[in-house]
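Let's take a friendly walk through this model, looking at its cysteines and its aromatic rings. Have the sequence and the 3D view open as you read.

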Amino acid sequence: MDLNFIAFGVYPYIALAVLALGSILRFDREQYTWRTGSSQLLRRKQLVLGSILFHLGILAIFGGHFVGLLTPLIVWDFFMITHGFKQMLAIVAGGIAGIFCLAGGLLLLHRRLFDARIRNTSSFGDIAILVILLVQLCLGLATIPLSLGHRDGSEMVKFMNWAQGIFTFNPYSASYIADVSWVFKAHITLGLTILLVFPFTRLVHMLSAPIWYLNRRGWQLVRSKEPMPPVRRTAEPTK
């Protein structure tokens, strides 16, 4: 059993299993921790800018990876979208989204590290997961020059076959990316590691959708400046 098979044929299933089971167990047993722990009150302006850039970028990257890797090749062929066009689209759109996300992430990290109040209220996990995401973004951006050397989309097809092979339980899926650059392999390995630690970090808020608020009746608390009149209690009638 070689290292390539362990890293890209076995490790993905470990990461996905921990992601699913860990998220379910945390939601079931520790719902109070299912939150981001916002520090908006401590420093709002930098948080808003960094958060918007980061979340816009990360959503675009996630959507691009999900659609790009898991859409069967036959679908792209049916719509006559060539691998070369898809490769350039991924480079341009992914590069822009990656830069947005990286800029926002750096703002958020600077805020957590260099503001004493926020640093004191941040846990090790809050800072560590942000650093890991920034490293992952840098690795992703570092793949762009390599992808430009394969504008025909040949490398991209390897990753598509690998990802779809994982979800279809293809035992030979790891062989599709055996000969790709170490930068791609490092990017994939760290991405799987993020999935592995996902249930134990603040990232779980990504799975929350406040749909229960849609049919929830609203309430408004009104506080009067006038003193409330004393409550008069009448004596109960004697029998």
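A disulfide, as counted here, is a pair of cysteine sulfur atoms within 2.5 Å. By that criterion, this predicted model holds zero disulfides. Two cysteines are worth a look for their surroundings. Cys101 is buried, at 0% relative accessibility, while Cys138 is partly exposed, with a relative accessible area of 42%.

Now turn to the rings. The structure holds four aromatic pairs, and we can visit two of them. In one of these, Tyr13 and Phe169 are stacked, with 5.7 Å from centre to centre and 5° between the planes. Stacked is the right word because planes under 30 degrees apart count as such. Where do Tyr13 and Phe169 sit along the chain? Tyr13 belongs to helix α1 (residues 3-29), whereas Phe169 is in the loop between α7 (154-167) and α8 (182-197), so this pair ties together parts that are 156 residues apart in sequence. As for accessibility, Tyr13 is partly exposed at 27% relative accessible area, and Phe169 is exposed at 63%.

The other stop is the pair made by Phe159 and Phe184. Their ring centres are 4.9 Å apart and their planes meet at 45°, so this pair is tilted. It, too, links distant parts of the chain: Phe159 lies in helix α7 and Phe184 in helix α8, 25 residues apart. Are these two rings' residues buried or exposed? Phe159 is buried, with a relative accessible area of 11%, and Phe184 is buried as well, at 8% relative accessibility. Both count as buried because the cut-off is under 20% relative accessible area.

Technical notes. Residues are numbered from 1 along each chain as its sequence is written. This is a predicted model: local features need pLDDT of at least 70, side-chain atom pairs count only at pLDDT 80 or more; totals for chains, interfaces and linings use all residues. Side-chain values use heavy atoms; hydrogens and water are left out. Rings of Phe, Tyr and Trp (its six-membered ring) pair if their centres lie within 6.5 Å; planes under 30 degrees apart count as stacked, over 60 as edge-to-face and the rest as tilted. Helices (H or I, at least four residues) and strands (E, at least two) are DSSP runs, numbered from the N terminus. Buried means under 20% relative accessible area, exposed over 50%, partly exposed in between (1.4 Å probe, protein chains only).
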